[in-house]
Structures are given as structure tokens and as C-alpha cells.
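User: Hi! I have a model open in my viewer and would like to walk through its strands, salt bridges and voids with you. Shall we start once it is on screen?

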Amino acid sequence: MKTPYLLYSDGKGNIFEDLTLYATGRSGWDAMPVPGEDWIPLPNGGSLYELPGRRGIGIDVETGQMRLCDKGWAVAAFIPPAHTGFYLAAYETAPDAPTLPLFCYTAAGWQNDQFWVPATRIEPDIRQDCSGYDDKKIKVGAQSLLESYPHNRLVKHLMENCCQTYNCPAARNFSLGRWECPIPVSPACNANCIGCISLQPDEEPIVSTQDRLQFKPSPEEIVEFAVPHLATAPFPIISFGQGCEGEPLLMWETIRDSILEIRKHTTKGSININTNGSKPDAVRALCKAGLNSIRVSTNSARKNIYTAYYRPNNYQFEDIVESLKIVSAFGGWTSINYFVFPGMTDSIEEVEALRKLIRDTNLKMIQWRNFNIDPDWYLGKINVTETGDAIGIKNMQQLLQAEFPTLQFGYFNPPIERIKGDFQLDFAH
Ligand code: SF4
């Protein structure tokens with residue numbers, strides 16, 4: 001694969017290739033060449049962004065020197081779920097450039113009549129592939145759920161808000177009666193993440209991408225639709241903790257009571273929580289009730305980087321480690337939802353901290369998510385001026401796989417069949 005050409009935008013929604021520059025990638029604060037073998041065609045469901053106030057950094061095809069593209073604004077790619085980017089888009093930011101909204105900004109280029117991105121498909125499960133969504137069936141499914149549960153506020157929230165307004169992939173799967181069903185429960189949170197997608201203070205320059213749940217669902221409302229989903233959906237999972245809410249562990253009593261009641265009606269499927277992991281005692285109570293898996297989100301395995309980003313109230317990094325240990329001790333499945341920021345995630349210090357976290361918690365899975373945040377804004381907010389030496393995301397993944405052969409890589413919470421090792425690569429078909 002030859003290095004693709006740099007892309008630029010004319011500021012009016014048109015994107016062009018600059019045949020005088022090869023695309024580069026960004027790691028930490030620095031632009032750098034991207035190895036040819038790291039580029040893959042932009043996956044179906046991906047899209048491109050113009051980055052106002054920013055000039056792309058490319059490699060001059062004649063001189064081999066790095067220089068700015070002055071033909072238009074820089075361009076980055078959104079890569080769809082199940083894929084992890086190896087490099088961010090490289091650009092120089094003007095002082096008056098607006099802060100970018102909460103999306104991922106992967107490097108992109110053009111070659112052989114197609115767009116390319118430095119990324120990998122990290123997850124075989126097709127559960128959020130865009131080709132699997134049929135809008136007509138989703139509309140019919142959403143209507144049917146609303147009619148089946150006319151008094152259920154949570155079904156109304158999931159179908160009217162998440163599914164039909166925000167096109168949430170998990171809620172859309174619920175409307176189709178398949179796979180992982182989202183269950184948001186908490187209007188409140190005990191952290192103040194810089195890039196929180198459900199709540200941004202008015203004084204910040206960006207807005208949250210979703211509106212936060214405004215009410216506290218009852219166990220009865222949860223059980224009413226969770227039981228039929230677990231009993232009838234293929235590869236069923238119910239997941240507490242979603243992007244449209246606060247921290248589900250603040251509602252742990254509701255979750256505990258729901259799990260206990262659900263398991264009186266069906267033993268099928270798995271029950272998962274996506275969480276910041278801040279309340280180990282609550283996690284223990286949920287494991288006793290029958291929780292099968294936990295996914296703890298984090299931007300880092302290092303306490304200082306975690307704390308600067310999460311800005312936690314009344315808990316600390318050690319609590320999230322303890323929550324993972326507790327689920328492991330109960331024989332449950334443990335994942336981290338790891339926000340990948342090339343240059344930070346693969347820095348030597350971070351890799352060392354992650355190896356320790358994997359060993360200490362007997363971690364079962366890393367879900368490699370692209371960090372949805374303006375890269376300059378993020379590093380500035382957590383006060384990182386030097387990211388240190390980095391080994392490359394791809395290299396990091398290969399080294400971890402060699403050291404921890406049973407550690408799984410992916411992007412989604414596994415169904416119970418995958419947890420038990422009883423699945424095919426195409427298990428979500
Ligand atoms: S833990 Fe989740 S809900 Fe809470 S501030 Fe962070 S991103 Fe927002």
C-alpha cells in the first residue's frame with residue numbers, strides 16, 4: 001500500500017486530495033509518517049469531518065519534508081464501531097480555531113479512488129455494522145414496543161429519544177429485538193469527565209452529544225421489558241449504564257432489585273453493567289444478585305491521568321481497580337472500555353500501568369474505543385505537554401496479546417455464549 005494523499009476541505013463541505021502531499025498521522029502532539037500497512041479502506045459507516053481553523057500536515061511528495069497544506073481546512077475521519085484507529089489526524093491549529101465537538105478524529109487520506117484510514121477491525125461481532133440496520137424495520141419495531149409497554153417511561157425514552165432521535169445503535173438493536181439491550185438508569189453522576197457525552201457545563205465550549213436521562217426508572221419498569229428481551233432475543237444481553245445517563249452505580253439498589261426479579265423469570269442471556277466502577281461495595285452487591293459482567297470505562301491505567309480527566313467526587317482510581325477485582329473474584333467477566341488516544345495510550349508509562357492493571361485484576365477483555373474528543377483540548381485540559389515515548393497502538397496490541405494470550409480484544413460486551421467460549425466469529429448473524 002502506497003501512502004495515501006492528504007485530504008483538505010474547501011469549507012463548503014467539499015473534500016479534495018492534495019497530490020503534492022502524502023497524509024501523515026498524529027501521535028501525542030506530533031505529526032509522523034504512517035506505515036503503509038497500517039492503512040485500510042475507510043469502513044462502511046465511517047465519514048469525514050472538516051476541521052475548521054486547522055491546516056493539515058503532510059509530507060511533500062518531492063522533497064519528503066513535512067509542511068502544511070494551505071489549500072483548505074484539515075480533514076479527519078470518523079471510524080465506525082468495531083474499529084480502532086492507530087493515528088489521529090495531524091494538523092496545525094490556529095489560535096482562534098473552535099474547539100472540536102465530541103467525536104473521534106482519525107487520520108485519513110485518498111489513494112486508488114478510495115478513502116483510507118490507519119485502523120483495524122478489532123471486533124468480529126457485527127452488532128453495530130451500519131449495513132445491519134433497516135430503518136423501516138426499526139420504525140415498526142419501535143412502534144410495537146411503544147404499544148406493548150404504553151406506561152413504561154424507559155421504553156418511551158429508549159424508543160423516542162435514543163432510537164429515533166439519536167440513532168443510538170444499541171437502542172436500534174433493542175427495537176429489532178436482538179443482542180444487547182440498553183438500560184439507562186441514572187440521572188446523576190459522581191464524576192465530571194471533561195468529555196462527558198451526556199452533560200457539559202454551560203461554560204464549556206462544546207455541548208454534550210446526548211441529553212441525559214431525566215428520571216429514575218423503577219425496577220418494575222426495567223423488568224417489564226428486560227425479561228422478554230432476555231427470553232427471546234438472539235445472543236441476549238441487558239446492559240445497565242449507557243451514554244445517555246450518569247453513573248448507574250448510583251442507582252445500584254434499583255439494579256440489584258431488577259436483577260433479582262429478572263432471574264426469577266429467566267436464566268437466559270447475560271446481565272452487564274457499563275460503569276465508572278466507582279463503588280466497589282455496590283458492585284459486590286450486584287455480583288451477589290447475579291451480575292454477569294462489568295465494563296469499566298477509563299482513559300488511562302495511570303491514576304494521575306485518570307483523575308485529571310474524570311475529576312471524581314468521593315471516589316478514587318483505586319476503587320475502579322477494586323471493582324474489577326471483585327467481579328473477577330465472583331467469576332464474572334471483566335472488561336475495560338479503554339479510550340484510545342494515540343501517543344498517550346501507547347506511551348511506555350501507560351503500557352506499563354496497563355500491564356499491571358491486567359495482572360492485578362485478572363482482566364478478561366479490553367474494548368479498544370476511539371477517544372471522542374478534540375485532541376488539543378483534551379491534552380490541554382489534563383495539562384499534558386509531553387506525552388513521552390510511544391510504541392504505537394498496533395505494536396502495543398501485539399505485545400499485550402503475546403504476554404496475555406487469554407486476554408480478549410474487542411469493542412462490545414460479549415454475550416454469555418462468547419464468555420463461555422461457545423461461539424463462532426459470525427455469532428451475531
Ligand atoms: S462517568 Fe460517564 S456520565 Fe459521569 S461524567 Fe463521566 S462520562 Fe459523564
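User: Which residue in S15 is the bridge partner of Glu-180?

Analyst: Happy to help, and please keep in mind that this is a predicted model. Strand S14 covers residues 180-183 and strand S15 residues 237-240, and the two pair in the parallel sense over four bridges. Within that pairing, the partner of Glu-180 is Ile-237.

User: Through which helix does the chain cross from S14 to S15, and what is the handedness of the crossover?

Analyst: The two strands run parallel. The link between them is a β-α-β crossover passing through helix H4, residues 219-232. Its handedness is right-handed.

User: Which residues of S14 point the same way as Glu-180, and are the residues of this strand buried or exposed?

Analyst: In a regular strand, side chains alternate between the two faces of the sheet. In S14, Cys-181 and Ile-183 point one way, while Glu-180 points the other way together with Pro-182. As for accessibility, all four of these residues are buried. The residue sharing the direction of Glu-180 is therefore Pro-182.

User: Let's move to S13. What is the sense of its pairing with S5, and which residue is the partner of Pro-41?

Analyst: Strand S5 (residues 39-41) and strand S13 (residues 114-121) are joined by three bridges, in the antiparallel sense. On the S13 side, Pro-41 is matched with Trp-116.

User: Which residue in S13 is the bridge partner of Thr-84?

Analyst: Strand S10 spans residues 83-85 and pairs with S13 over three bridges. That pairing is antiparallel. The S13 partner of Thr-84 is Thr-120.

User: Which residue in the turn of the S12 and S13 hairpin has a positive phi?

Analyst: Strand S12 (residues 109-111) runs antiparallel to S13, with three bridges joining them. One of the bridge pairs is Gln-111 with Gln-114. Two residues lie between the strands of this hairpin, and the one with a positive phi, of about 50°, is Asn-112.

User: Now for charges. How many salt bridges does the whole structure have, and how far apart are the closest N and O atoms of Lys-156 and Glu-160?

Analyst: The search over the whole structure gives 23 salt bridges. Lys-156 and Glu-160 both sit in helix H2 (residues 153-163), and their spacing of four residues is about one turn of the helix. Both are partly exposed, Lys-156 at 45% relative accessible area and Glu-160 at 35%. Their closest N and O atoms are 3.0 Å apart.

User: Is Lys-264, the salt-bridge partner of Glu-261, buried or exposed?

Analyst: Glu-261 and Lys-264 are three residues apart in helix H5 (residues 252-265), and their closest N and O atoms are 3.1 Å apart. Glu-261 counts as partly exposed at 29% relative accessibility. Lys-264 reaches 63%, so this residue counts as exposed.

User: How many residues apart in sequence are the parts tied together by Arg-302 and Glu-349?

Analyst: The side chains of Arg-302 and Glu-349 meet in a salt bridge at 4.0 Å, N to O. Arg-302 belongs to the loop between strand S17 (293-298) and helix H7 (303-310), whereas Glu-349 is in helix H9. Arg-302 is buried at 12%, and Glu-349 is exposed at 58%. Because of where the partners lie, the tied parts are separated in sequence by 47 residues.

User: On to voids. Which helix gives the largest share of the lining of the second largest pocket?

Analyst: This pocket holds about 160 Å³ of space. The elements giving two or more residues to its lining are helix H8 (317-329) and helix H9 (348-361). By class, the lining has five nonpolar, no polar and three charged residues. The largest share, four residues, comes from H9.

User: How many charged residues line the largest cavity?

Analyst: The largest cavity has a volume of about 60 Å³, and its lining includes Leu-6, Ile-57 and Val-75. Strand S1 (5-9) and strand S7 (54-60) each supply at least two of the lining residues. The lining has nine nonpolar and two polar residues, and the number of charged ones is zero: no charged residues.

Methods: Residues numbered from 1 in each chain as written. Predicted model: local features only at pLDDT ≥ 70, side-chain atom pairs only at ≥ 80, totals over all residues. Heavy atoms only, no water. 1 Å grid on protein atoms, 1.4 Å probe; cavity = no way out; pocket = protein on both sides within 12 Å on 5 of 7 lines; lining within 4 Å. Points joined across faces, edges and corners; volume = space filled by probe spheres on them. Nonpolar A, V, L, I, M, F, W, Y, C, P; charged D, E, K, R; others polar. Buried < 20%, exposed > 50% of the residue type's maximum accessible area, 1.4 Å probe, protein only. Pairing = 2+ DSSP bridges. Right-handed = clockwise from strand over helix to strand, strands pointing away.
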